[in-house]
Amino acid sequence: MSKNVLAYSVSLLILAGAILLGVTVGTVSISPVVLWNPSSDEAAANILWNIRMPRVILAGLVGAALAIAGAAFQGLLKNPLADPYTLGVSSGASVGAVMTLFFGISIPFLGPFTLPVMSMIGALLTMLAVMSFAKLVDRSMKMETVILTGIIFSSFLGSIISLMIALTGEELRQIIGWLLGSVSMRGWPYVRMALPFVLIGSFVLWLKRRELNAMLFGEERAQHLGVDVRKSKMIILIGGSVLTGAAVSVSGTIGFVGLVVPHMTRLLWGSDHRHVLPLSFINGAALLIICDLVSRTIISPTELPIGVITAFIGAPVFAFIFFRQRKGGA
């Protein structure tokens, strides 16, 4: 069995196991038989198909979107610490979404898709601002410069969100609950809202897999290999921003998924983006489904925000990667 076949087999098996656990384990245990025979227990089937299944699918979509976006950002910047959260893109998406909720914005021809579209616009503008400012400060765009710029923008955008929360009234509960990061009680409408953007964004990044491989050797070398670097960078940034905006609009800010999953995928299976991108997509989905399962069962019946669980995992991994980078540089 080749390494790539093994990688996909293991990843898909973990994802299938995560989905099965996600829909059967909870306050009410449900037999897997209900999946293919709903008539065996109609009450359990109602819980499974109307509450747990959309929740599990939404968690999978959010995890997949953040992970593949993180893999693309890391490949583009040649920086293992880059992800939508550390670059401030998630904060930009959050501002776009909170503004939509705060002002009650609804674009007529978009309808329910107004929220993810506004979130994507916020993510893309933030990504462009972070990259432009980092290049202004340091033309070589060192790892520390980009990450610090992302932190600066995250802090500024966080203050804008805090201002809107301070000024809000009845929408406060909705905004606070959304910001904590959760896929609870979202239902099928949110799955339908996120799905097209996650698929489109992922497909766009996958089309740029060879360009990402070429850019690992530097922009000049990639140019000699026939890559239109400027155009490819812009398409990758747009694809990553679409994915981040779609994820944040339906789940709130969930950190570190886009950092941990691509990094572990590269460590285990290599750095070829032809496989890093789809494997990150699969593993990101599995990770967030498992994190969501833990968040709703660890202190049941109380639910923890899913962002708390990902931060417990992601912060130590972030510290480890940063430490290894600094020691390697030294």
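**Exercise 1. Describe the largest pocket of this predicted model by its volume, its lining and the helices that supply that lining.**

Solution. The starting point is the volume, since about 360 Å³ of space lies in the largest pocket. Of the 12 residues that line this pocket, K135, R230, K233, M234 and L237 are the closest to its centre. The next step is to assign the lining to helices: α5 (114–137), α10 (219–224) and α11 (229–251) each supply at least two of its residues, and the largest share, 5 residues, comes from α11. Sorted by class, the lining of the largest pocket has 6 nonpolar, 2 polar and 4 charged residues.

**Exercise 2. Work out how α5 and α11 pack against each other, and which classes of residue form their contact.**

Solution. The axes of α5 and α11 are 7 Å apart, and the two helices pack at an angle of about 135°. Angles over 145 degrees would count as roughly antiparallel and those from 65 to 115 as roughly perpendicular, and α5 and α11 are therefore oblique to each other. The handedness of this crossing is right-handed. On the α5 side the contact is made by L115, P116, S119, M120, A123, L124, M127 and L128, which meet M234, L237, I238, S241, V242, T244, G245, A246, V248 and S249 in α11. By class, this contact has 13 nonpolar, 5 polar and no charged residues. Two of the α11 residues in the contact, M234 and L237, are also listed among the lining residues closest to the centre of the largest pocket.

**Exercise 3. Determine the relative orientation of helix α8 (residues 188–207) and helix α13 (residues 273–297), and then identify the residues through which they touch.**

Solution. Helix α8 and helix α13 pack with their axes 10 Å apart, at an angle of about 160°. Because an angle over 145 degrees counts as roughly antiparallel, α8 is roughly antiparallel to α13. The crossing of α8 and α13 is right-handed. From α8, V198, S202, L205 and W206 take part in the contact, and from α13, R274, L277, P278 and F281 do so. The residues of this contact divide into 6 nonpolar, 1 polar and 1 charged.

**Exercise 4. Carry out the corresponding analysis for helix α1 (residues 3–24) and helix α3 (residues 42–77).**

Solution. The axes of α1 and α3 come within 9 Å and cross at roughly 140°. This angle is not over the 145 degrees required for roughly antiparallel, and α1 and α3 are therefore oblique to each other. Their crossing is right-handed. The contact is made by I19, G22, V23 and T24 of α1 together with L48, R52, M53 and V56 of α3. By class, the contact of α1 with α3 has 5 nonpolar, 2 polar and 1 charged residues.

Definitions and conventions. Residues are numbered from 1 along each chain as its sequence is written. This is a predicted model: local features need pLDDT of at least 70, side-chain atom pairs count only at pLDDT 80 or more; totals for chains, interfaces and linings use all residues. Side-chain values use heavy atoms; hydrogens and water are left out. Axes are lines fitted to C-alpha atoms, for helices over the stretch in contact, and angles run from 0 to 180 degrees between N-to-C directions. Helices (H or I, at least four residues) and strands (E, at least two) are DSSP runs, numbered from the N terminus. Angles under 35 degrees count as roughly parallel, over 145 as roughly antiparallel, 65 to 115 as roughly perpendicular and the rest as oblique. A crossing is left-handed if the near helix is turned anticlockwise from the far one by less than a right angle, and right-handed if clockwise. Contact means heavy atoms within 4.5 Å. Ala, Val, Leu, Ile, Met, Phe, Trp, Tyr, Cys and Pro count as nonpolar, Asp, Glu, Lys and Arg as charged, and the others, Gly among them, as polar. On a 1 Å grid over the protein atoms alone, a cavity is a set of points where a 1.4 Å probe fits but cannot get out, and a pocket is an open set with protein on both sides within 12 Å along at least five of seven lines; lining residues have an atom within 4 Å of a point. Grid points are joined across faces, edges and corners, and a volume is the space filled by probe spheres set on the points.
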